[in-house]
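Colleague: Please take a close look at one part of this model, namely the pairing of its charged side chains. I should be grateful for a connected account that also sets this part in its surroundings.

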Amino acid sequence: MMRNLKRFGALLLSLVLSLSLTVPAFAAVDDTGFSDVDADAWYAEAVMYCREHNLMAGIGNNQFAPESSLTRAQFATVLYRIEGTPAVSGTDTFTDTPDGSWYSDAVLWVSQQSLITGYGGGLFGPNDPVSREQMTAILWRYAGSPSAEGATAYNDEATIASYAAAAVDWASINNIVAPLSTGVFSPKSDATRAHVAAALMNYSRQQNETDSVPPVAANNDFALINGGTFQMGSPANEPERSSDEIQHSVTVSSFYMAKTEVSQREYQTVMGNNPSETKGDNLPVTNITWYDTTQYGSMIQKS
C-alpha cells in the first residue's frame, strides 16, 4: 500500500527531473512551520517528514498538537488518506458510526481491509483515543502482518494484549515504535499525534530502505539514481524569505531516470499534443506545466 505510493512518487520525480526541473538543497532545519512544534523537540523531524510526505497534516491555526491524542476515527482517516481516499461501497457493520459522518468512508475502508476490526459487539469506538498497542497493531496489519522473531521483551510485556504481541515485536525489531521509556512500552497509554507521526516516519523510511527499485529492461537508456535525504527550504534569517520556504528534510528513494530529456516525438505519442514553441521531433519538449508532467506520468503507467 504505502510502498506503492512511494514508488509512484519516485516515478513522478524521475519524470520531473527528465523535464529539466531542479530541486535545491539547503542547510539544517530551523523552523518546523508549526507554532507548537519546537525545532528542538524529539518529534520535530517526524512532524516535518509527515507534512512533507503528506502522511499527516496539522489541526489548523498553524498548530500540530503533538501532545494531543489521536482518536480511532482520526487514525483510520490518516491511513485512508495515505492510500489516496479510494472509492468504497456499502456500509460498515458498527452501531456507533452514524452514516454520513466525516469519517464514514475511512472507517468503512479500514474495516474492509481488516486494519481495524472494532471492539466486538458492533462497536468501533470512533471517538476513543487510539492506544499505543492499537496503533502498533494497526500499522503492523497495514504492513501486511510480517513475522518478527528475536525481539527483546519489555518490562511490561505481560500487559501487552495478545492481538498486539506480534505487532509490538515487529515494531521493536524494525525500530518503528519506540518505547515510552527504557524497557517500557506502555501499551495501554494513549498514542499522541507525535507518537503516530514518529511511527509513520519510521515505517516509511524502513520501506524506503528495504524495497528494491523496480527493474528496468536491460538497455542504455536509463540510469539508476540512488536515493538519499536532503534539506529543502530557506534559512529563517534569509532576506526576503517567503513564509512557505520552511526548511525541512526530504527523503527520496532510489529510482531510474532517462539519460536524455523527453523528446517532442515521445511526448506527442503519449499525450497527443506538442506544446513546444520550437518544433523538432528529436528536440526536448518545452512549455510543460507540473500538471502536464503528472498527466504524462499517469499515461506512461497505464501503457
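**Charged pairs and their setting**

Modeller: Arg-265 has a relative accessible area of 40% and is therefore partly exposed. In this predicted model, Arg-265 is joined by a salt bridge to Asp-281, with 3.7 Å between the closest N and O atoms. The two residues are 16 places apart: Arg-265 belongs to helix α8, while Asp-281 sits in the loop between α8 (264-271) and α9 (290-302). Asp-281, too, counts as partly exposed, because its relative accessible area is 47%.

This pair is one part of a count that comes to three salt bridges. Such pairs are possible in general, since side chains of opposite charge can pair when their charged atoms come close.

A second pair is that of Glu-45 and Arg-205, whose side chains meet at 2.8 Å, N to O. Here the bridge links distant parts of the chain, from Glu-45 in helix α2 (residues 44-52) to Arg-205 in helix α7 (residues 193-210), a separation of 160 residues. Glu-45 is partly exposed, because 43% of its relative area is accessible.

The remaining pair is formed by Glu-133 and Lys-188, with the closest N and O atoms 2.7 Å apart. Glu-133 lies in helix α5 and Lys-188 in the loop between α6 and α7, so that 55 residues separate them along the chain. What is the accessibility of Glu-133, and is this residue buried or exposed? Its relative accessibility is 4%, and Glu-133 therefore counts as buried.

Helix α5 deserves a further look. Residues 132-142 make up α5 and residues 165-173 make up α6; the two axes come within 8 Å and cross at roughly 80 degrees. Since angles of 65 to 115 degrees count as roughly perpendicular, α5 and α6 are placed in that class. On the α5 side the contact is made by Thr-136, Ala-137, Leu-139 and Trp-140, and on the α6 side by Ala-166, Ala-167, Val-168, Trp-170 and Ala-171. Eight of these residues are nonpolar and one is polar, with no charged residue in the contact.

For a helix described by its burial, one may turn to α3. Nine of the 11 residues of α3 are buried, so the helix is mostly covered. Among the buried residues are Phe-75, Val-78, Leu-79 and Ile-82, together with the charged Arg-72. Thr-77 also lies in α3, which spans residues 72-82, and it counts as buried because its relative accessibility is 6%. Beyond its neighbours within four places in sequence, Thr-77 is in contact with Trp-102, Tyr-103 and Ala-106. Just after α3, Gly-84 adopts a positive phi of about 90 degrees.

These details belong to a protein with nine helices and four strands. Read from the N terminus, the order of elements is α-α-α-α-α-α-α-β-β-β-β-α-α. Of its 303 residues, 40% count as buried. Among contacts with a separation of 6 or more, 69% come from residues 24 or more positions apart.

A word on confidence is in order. The mean pLDDT is 81, with 79% of residues at 70 or more. Over residues 2-29, however, pLDDT stays under 50, and the model has 67 contacts beyond four places in sequence for this stretch.

Methods: Residues are numbered from 1 along each chain as its sequence is written. Side-chain values use heavy atoms; hydrogens and water are left out. Axes are lines fitted to C-alpha atoms, for helices over the stretch in contact, and angles run from 0 to 180 degrees between N-to-C directions. Angles under 35 degrees count as roughly parallel, over 145 as roughly antiparallel, 65 to 115 as roughly perpendicular and the rest as oblique. Contact means heavy atoms within 4.5 Å. pLDDT is the predictor's confidence in each residue, from 0 to 100. Buried means under 20% relative accessible area, exposed over 50%, partly exposed in between (1.4 Å probe, protein chains only). A salt bridge is a side-chain nitrogen of Lys or Arg within 4 Å of a carboxyl oxygen of Asp or Glu.
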